[in-house]
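Hello,

Here is the structure I promised to pass on. Please open it first, then read my notes below.

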Amino acid sequence: MTRRLSVVGLGPGRADWCLPAAADRLATATDLVGYGPYLDLIAVPTVGRRHPSGNRVEADRAAFALDLAAGGADVAVVSSGDPGIFAMAAAVFEQVELDPPRWSGIDIEVIPGVTAAQAAAARIGAPLGHDFCTISLSDVLKPWEVVERRIEAAAGADFVLAFYNPISRHRPWQLGRALEIVRCHRDGATPVVVARQVGRPDEEVHVVELGRLVPDDVDMRTVLVIGSSTTRTVAVNGREVVYTPRRYAGSLDSALVVPAVVGRPAI
Ligand code: SAH
């Protein structure tokens with residue numbers, strides 16, 4: 001019996017941004033499990049039975065997939081982007097830890113994918129060129145105090161910040177509060193990449209200054225990349241790109257130091 005469960009990253013949506021290893025597993029799996037719209041995102045050929053589920057039932061979905069695998073199926077559990085980043089891989093291992101004998105003998109593997117922040121960054125330049133931090137603003141699975149503490153620490157340490165799950169109908173005020181915290185540490189002119197539906201047909205990626213970012217312009221299909229104190233915009237071949245230099249003043253390579261951000265170019 002096969003007893004295999006692969007947690008597969010689809011990437012953000014485009015077929016050519018899905019790894020060949022992921023496409024191989026999707027092609028041969030006997031059963032495909034995932035949030036319905038993510039199953040619809042699969043852009044490569046599949047033959048397995050599809051088991052769509054709602055968005056808020058990760059634990060049940062993971063247990064269901066493990067049960068299928070325990071019964072001899074060759075299962076692919078899908079996540080958009082990377083399955084290890086705010087997605088199904090951890091949910092699967094959490095279930096296994098709860099009841100190890102029930103799932104013994106299942107071969108579990110995780111197949112990575114291009115995560116939303118990487119895809120957004122590639123579209124606009126290289127805003128993740130130096131140290132960065134990903135934070136989910138969702139307080140469904142963690143207390144809001146924890147989210148605030150992490151934003152405060154990461155903003156204070158001058159990381160570039162990638163905000164996932166920035167806002168939803170059930171979480172309308174959290175992004176506004178998060179931006180208040182960031183604005184205590186960053187200049188209002190700091191570039192913010194607002195990247196919606198990256199790699200999908202209705203993709204929109206633009207840059208706004210931190211001081212002008214309005215939560216109403218953001219939705220749950222958006223990832224935000226907020227620059228650090230050195231992130232800047234530059235015109236390249238007639239288009240504005242955003243990047244974060246790799247060199248700091250005082251680094252070993254100081255002869256090549258990029259000048260400090262004085263008079264950041266207008267966006
Ligand atoms: N595992 C996914 C993240 C899931 S959390 C990944 O690695 O990308 C869901 C959040 O991811 C969304 O609220 C949004 O902030 C972000 N996201 C996922 N796909 C996206 C896309 N194509 N464009 C922009 N943001 C995306």
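A residue counts as near a molecule if one of its heavy atoms lies within 4 Å of it. By that rule, 20 residues surround the ligand. The closest are Asp 82, Ile 85, Thr 115, Met 220 and Thr 222.

Two notes on the source. This is a predicted model, where local features need pLDDT of at least 70, side-chain atom pairs count only at pLDDT 80 or more, and totals for chains, interfaces and linings use all residues. Residues are numbered from 1 along each chain as its sequence is written, and side-chain values use heavy atoms, with hydrogens and water left out.

Now the shell by class. It has 11 nonpolar, 6 polar and 3 charged residues. Here Ala, Val, Leu, Ile, Met, Phe, Trp, Tyr, Cys and Pro are nonpolar, Asp, Glu, Lys and Arg are charged, and the others, Gly among them, are polar.

Next, the backbone. A ligand nitrogen atom lies 2.8 Å from a backbone N or O atom of Ile 85. A ligand oxygen atom is 2.9 Å from a polar backbone atom of Ala 116. For Thr 222, the distance from a polar backbone atom to a ligand oxygen atom is 2.7 Å.

Where does the ligand lie? Domain 1 (4–114) and domain 2 (117–256) both give residues to its shell, so the ligand lies between them. These bounds come from an automatic or database domain assignment. The C-alpha centres of the two domains lie 28 Å apart. In contact (heavy atoms within 4.5 Å) are 12 residues of domain 1 and 13 residues of domain 2.

Best wishes

Terms used
Polar contact = N/O pair within 3.5 Å; in protein donor to acceptor, adjacent residues only side chain to side chain.
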